[in-house]
Amino acid sequence: EGFYLSQNYPNPFNPETIIRYHTPSAGAVSIKVYDQIGNLIKVLVNEQQPPGEHSVAFDAGKLASGVYFYRISVGNFSETKKMLLLR
């Protein structure tokens, strides 16, 4: 099984959502949240992780309603998904 990044749940969310992902091998994992114009909002994960299933919570309690993007990077793999914060 390869890398994958699940759609956050719940989506739309307020104020917290869970992001699940899978890494087939150990490595440096980075998950970052961006706003619609590409500004970095928050670094959720930035560390070495073992292979397997992982999840991280994102609390958007101080952010405005709108579309945000989350991006995972592990080695040369990266994927971006969209999420919607509704107040």
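1. Two strands count as paired if DSSP finds at least two bridges between them. In this predicted model, strand 1 and strand 2, the latter made of residues 16-23, are joined by two bridges and run antiparallel, and within this pair Tyr4 lies opposite His22 of strand 2.

2. Strands 1 and 2 belong to an open sheet of three strands, whose order is 1-2-5 and whose pairing is antiparallel. The edges of this sheet are formed by strand 1, residues 4-5, and strand 5, residues 52-59, each of which pairs on one side only.

3. There is also an open sheet of four strands, again with antiparallel pairing, in the order 4-3-6-7. Its edge strands are strand 4, residues 40-49, and strand 7, and each of these pairs on one side only. Neighbouring strands of this sheet are turned against each other by 15° on average, if direction is ignored.

4. Inside the four-stranded sheet, strand 3 (residues 27-34) and strand 6 (residues 66-74) pair in the antiparallel sense over six bridges. Two positions help a reader to follow this pairing by eye: Val33 stands opposite Tyr70 of strand 6, and Tyr34 stands opposite Phe69 of strand 6.

5. Strand 6 is also joined to strand 7, residues 77-85, by nine bridges, and these two strands run antiparallel. Tyr70, which faces Val33, has Lys81 as its bridge partner in strand 7.

6. What sign of phi does Gly75 take in the hairpin of strand 6 and strand 7? With two residues between the strands of this hairpin, Gly75 takes a positive phi near 60°.

Note on methods: Residues numbered from 1 in each chain as written. Predicted model: local features only at pLDDT ≥ 70, side-chain atom pairs only at ≥ 80, totals over all residues. Heavy atoms only, no water. Axes fitted to C-alpha atoms, helices over the stretch in contact; angles between N-to-C directions.
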